[in-house]
Structures are given as structure tokens and as C-alpha cells.
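Biologist: I should be grateful for a close look at one part of this protein, namely its nonpolar surface patch. Please set that part in the context of the whole chain.

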Amino acid sequence: MILYFPFDQTEGTIAVDASANGFEGTLGGDPLWTAGKFSNSLKFDGDNDQVVVKYDPKMDVGQYTLSVWVKPATNSERSEARRVGKEG
């Protein structure tokens, strides 16, 4: 596991990585810490909210699997995840 954000904090502008690598994610925009399914979570309003992780060579793993829990605000056809990935 390269990176794991449980998002179980209740405040702050840093998402703490629970993997052995100790990366940090800097919150951008204005996501809100809120109650989640199992602990806490981040609520993104769809307007420039993001979690940015500084590049590290440990992240160069070639192929990878990404897993996220998403709870859309509504169940309409317009509900979508905008983008999850890396730049470059």
C-alpha cells in the first residue's frame, strides 16, 4: 500500500496518511470535515475542493489500483466523481 487516507480527523488542512510511508495530503478549496460511514470523512462541494499529495519517487509503481468511497449528494444522473489521478 502506497497511500491510505482514512480521513478520520475532525479538523485541519492536512489529511494524514495511515500507510507506512507517512505521506501527507494538503486540502485545497474548502472541503469540510464531517461524519462519515465508519468514522469521519471529507465533504467536497464540487467547487475546486481537493487533496494534493506532493510527489515522491515511492509513488512510481507503474500500474496501481485505486479505491474510494463516494456518497453523492443526490442520486441523479449528474452525480459524478470529477477526477481522481495524478498530474503529468
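Modeller: Ile2, Leu3, Val61, Tyr64, Leu66, Val68 and Val70 together form a nonpolar surface patch of about 620 Å². Such a patch takes residues with over 30% relative accessible area and no salt bridge, its nonpolar side chains (Val, Leu, Ile, Met, Phe, Trp, Tyr) being joined within 5 Å; a salt bridge is a side-chain nitrogen of Lys or Arg within 4 Å of a carboxyl oxygen of Asp or Glu. Areas follow the Shrake-Rupley method with a 1.4 Å probe, and for residues only the protein chains shown count as cover.

The model is predicted: local features need pLDDT of at least 70 and side-chain atom pairs pLDDT 80 or more, while totals for chains, interfaces and linings use all residues. Residues are numbered from 1 along each chain as its sequence is written, and side-chain values use heavy atoms, without hydrogens and water.

Within the patch, Leu66 counts as exposed because its relative accessibility is 51%, the cut-offs being over 50% for exposed, under 20% for buried and partly exposed in between. Leu66 lies in the segment after strand E5 (50-53); strands (E, at least two residues) are DSSP runs numbered from the N terminus.

As to the whole protein, the pattern along the sequence is β-β-β-β-β. The protein exposes about 7,600 Å², of which carbon and sulfur atoms supply 50%. Buried residues account for 16% of its 88 residues.

In the interior, the largest nonpolar core consists of 5 residues, Phe5, Ala15, Leu27, Trp33 and Leu42; a core joins buried Ala, Val, Leu, Ile, Met, Phe, Trp, Tyr and Cys residues through side-chain atoms within 4.5 Å.

Notes: Patch = residues over 30% accessible without salt bridge, like charges linked within 9 Å, V, L, I, M, F, W, Y side chains within 5 Å. Helix = DSSP H or I, 4+ residues; strand = E, 2+ residues; numbered from the N terminus. Buried < 20%, exposed > 50% of the residue type's maximum accessible area, 1.4 Å probe, protein only.
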